[in-house]
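Subject: A structure for you to explore

Hi there,

Here is the structure I promised to send over. Have a look at it first, and then read on for what turned up.

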Amino acid sequence: MLKIHKNFILSFLTAFFFFTSLSFFLLLPKFIHKLGGSKGEIGLIMGAPGFMSAILIPLTGIIAEKLGRKRIAIIGTSGTSIVSLLYLAIHSLNVKLFLVLRLLQGVFFSFSFVTCASFAGNFSPPNRKSEFLGYFGIAVLSPTMIGPWLGEKIIEHSFKIMFITSSALGAIAVLIAFFLVENDVQNENFPAKDHFSKLLIDLKYPLALSFILGCVFSTTFYFLPIYSMEKGIKKIGSFYTIYTLTAISIRLALGALSQRINFHRKTAALFFLISVSLVLIARMDSYLTIWVSAIIYGIGEGLAYPSINGEILNRTPPHLINTATGFYIGAFNVGTLVAPIVFGHFSQFHTFKTAFLLTSLLPILGIFILTLDSRSSIGQK
């Protein structure tokens with residue numbers, strides 16, 4: 001019988017409550033819009049955390065080596081809980097204050113996510129890391145179903161209650177993180193500069209795919225609530241619910257099988273599905289279109305994320321897995337930084353429909369990158 005280490009379970013639970021706390025902020029564009037924020041300001045504010053996480057995520061491994069991963073996880077979850085409460089001080093559009101709070105969320109996101117993913121990666125069963133990291137990803141995905149759905153019900157009464165609820169869930173994550181066992185963590189020295197550079201070169205194509213996933217995720221999840229309002233669809237929580245249920249179901253049903261299929265062909269097909277879903281979002285005119293796009297996106301992104309993550313781990317020496325995990329998450333978050341800012345300003349002068357159609361070309365670029373990676377892999381054999 002397979003024995004799962006308690007650190008894997010605790011990291012799963014910590015991540016679940018941490019991401020549930022953060023998932024309420026997928027509705028932050030509605031709060032900014034209510035205060036009179038423009039599309040460009042929404043893009044800037046929503047993309048701000050990506051700026052800090054893009055810088056800090058690759059460095060979190062070094063910081064954790066000095067202070068300990070458990071301590072960093074506790075700092076990250078505590079900070080997230082406190083910042084959620086600070087939003088109660090916002091009563092009018094103050095872009096500078098929004099940016100400060102979002103940058104702080106980026107800092108604490110980096111600390112929490114990387115340390116939880118590091119614990120999960122370290123204590124996944126041997127030879128099944130890709131599969132179990134897919135399961136760990138459910139802790140990241142499932143809050144996407146809970147937060148927007150519950151948040152929409154809460155903000156019918158007050159945004160303040162939403163921020164308080166977010167803070168309380170972050171506090172639960174802090175309590176669980178206290179039970180992580182630091183001494184059981186496998187010691188890994190941070191790589192020398194030449195190993196650091198070589199790892200980046202070896203992983204350049206998968207990291208580019210992660211960047212594309214980050215771009216698509218952030219533009220879709222940050223701007224869909226506003227775009228749906230323009231289309232006369234007031235509540236969009238069903239998209240997040242259906243997407244999340246689809247992604248979780250497909251991982252549970254095909255997680256073990258997925259890692260046995262050729263990486264390049266499988267991921268190319270998944271990126272094509274993501275592109276199709278974005279085209280449907282651009283042309284949405286009813287709840288049915290939204291639900292279909294959510295299912296297609298859930299299948300594509302639900303398997304693509306762990307597929308790329310697993311491929312990176314397969315190409316990485318065991319003593320550099322934590323560093324590679326930081327690179328992977330970092331590339332994703334660079335995408336979440338760049339894309340909303342570009343998307344927001346582009347949609348200031350063009351329609352959301354046009355912006356989403358252009359975004360649908362990014363996964364097609366990903367298919368081209370997969371072709372280059374496949375040829376590169378063949379050339380190295």
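To begin with a puzzle: which residues are linked in a network of salt bridges? They are Glu311, Arg315 and Asp373. Before we go further, please keep in mind that this is a predicted model, and every value below was computed from it.

**The salt bridges**

Let's take that network apart. Arg315 takes part in both of the contacts described here. Its side chain meets that of Glu311 in a salt bridge, with 2.8 Å from N to O. These two residues sit in helix H12, which covers residues 287-315, and they are four residues apart, or about one turn of the helix. Arg315 also meets Asp373 in a salt bridge, and here the N to O distance is 2.7 Å. This second pair links distant parts of the chain, since Arg315 is in helix H12 while Asp373 is in helix H15 (residues 361-380), 58 residues apart.

How covered are the three residues? Arg315 has a relative accessibility of 24%, so it counts as partly exposed. Glu311 has a relative accessible area of 16% and is therefore buried. Asp373 is buried too, with a relative accessible area of 4%.

The count for the structure comes to three salt bridges. One of them joins Glu152 and Lys30, whose closest N and O atoms are 3.2 Å apart. Glu152 lies in helix H6 (residues 129-154) and Lys30 in helix H2 (residues 28-34), so this pair ties together parts that are 122 residues apart in sequence. Both Glu152 and Lys30 are buried.

**The nonpolar core**

The largest nonpolar core has 111 residues. Which of its members touch the most others? They are Leu28, Tyr87, Leu213 and Phe239. If you click on Leu28 and set aside its neighbours within four places in sequence, you will find it in contact with Ile45, Met46, Tyr87, Phe98, Arg102 and Phe163. Notice that Tyr87 appears in both of these lists.

**A loop residue**

Next, try Asp285, which lies in the loop between helix H11 (263-282) and H12. Is Asp285 buried or exposed? Its relative accessibility is 60%, so Asp285 counts as exposed. The side chains of Asp285 and Ser286 are joined by a polar contact of 3.5 Å. Asp285 and Ile233 are 52 residues apart in sequence, and their C-alpha atoms are 8.4 Å apart in space.

**Helix H1**

Helix H1 is a nice place to practise with a ruler. Its 18 residues (6-23) should span 26 Å at 1.5 Å a residue, and the end C-alpha atoms are 25 Å apart, which agrees. H1 is mostly covered, as 13 of its 18 residues are buried.

**Cysteines**

Finally, how many disulfides does the structure hold? The number is zero. As a reminder, a disulfide is a covalent bond between the sulfur atoms of two cysteines. Two cysteines you can look up are Cys116, which is buried with a relative accessible area of 2%, and Cys215, which is buried with a relative accessible area of 5%.

Enjoy exploring, and write back with any questions!

Best wishes

Notes: Residues numbered from 1 in each chain as written. Predicted model: local features only at pLDDT ≥ 70, side-chain atom pairs only at ≥ 80, totals over all residues. Heavy atoms only, no water. Core = buried A, V, L, I, M, F, W, Y, C linked by side-chain atoms within 4.5 Å. Buried < 20%, exposed > 50% of the residue type's maximum accessible area, 1.4 Å probe, protein only. Contact = heavy atoms within 4.5 Å. Salt bridge = Lys/Arg side-chain N within 4 Å of Asp/Glu carboxyl O. Polar contact = N/O pair within 3.5 Å; in protein donor to acceptor, adjacent residues only side chain to side chain. Disulfide = S-S within 2.5 Å. Expected span 1.5 Å × (residues − 1).
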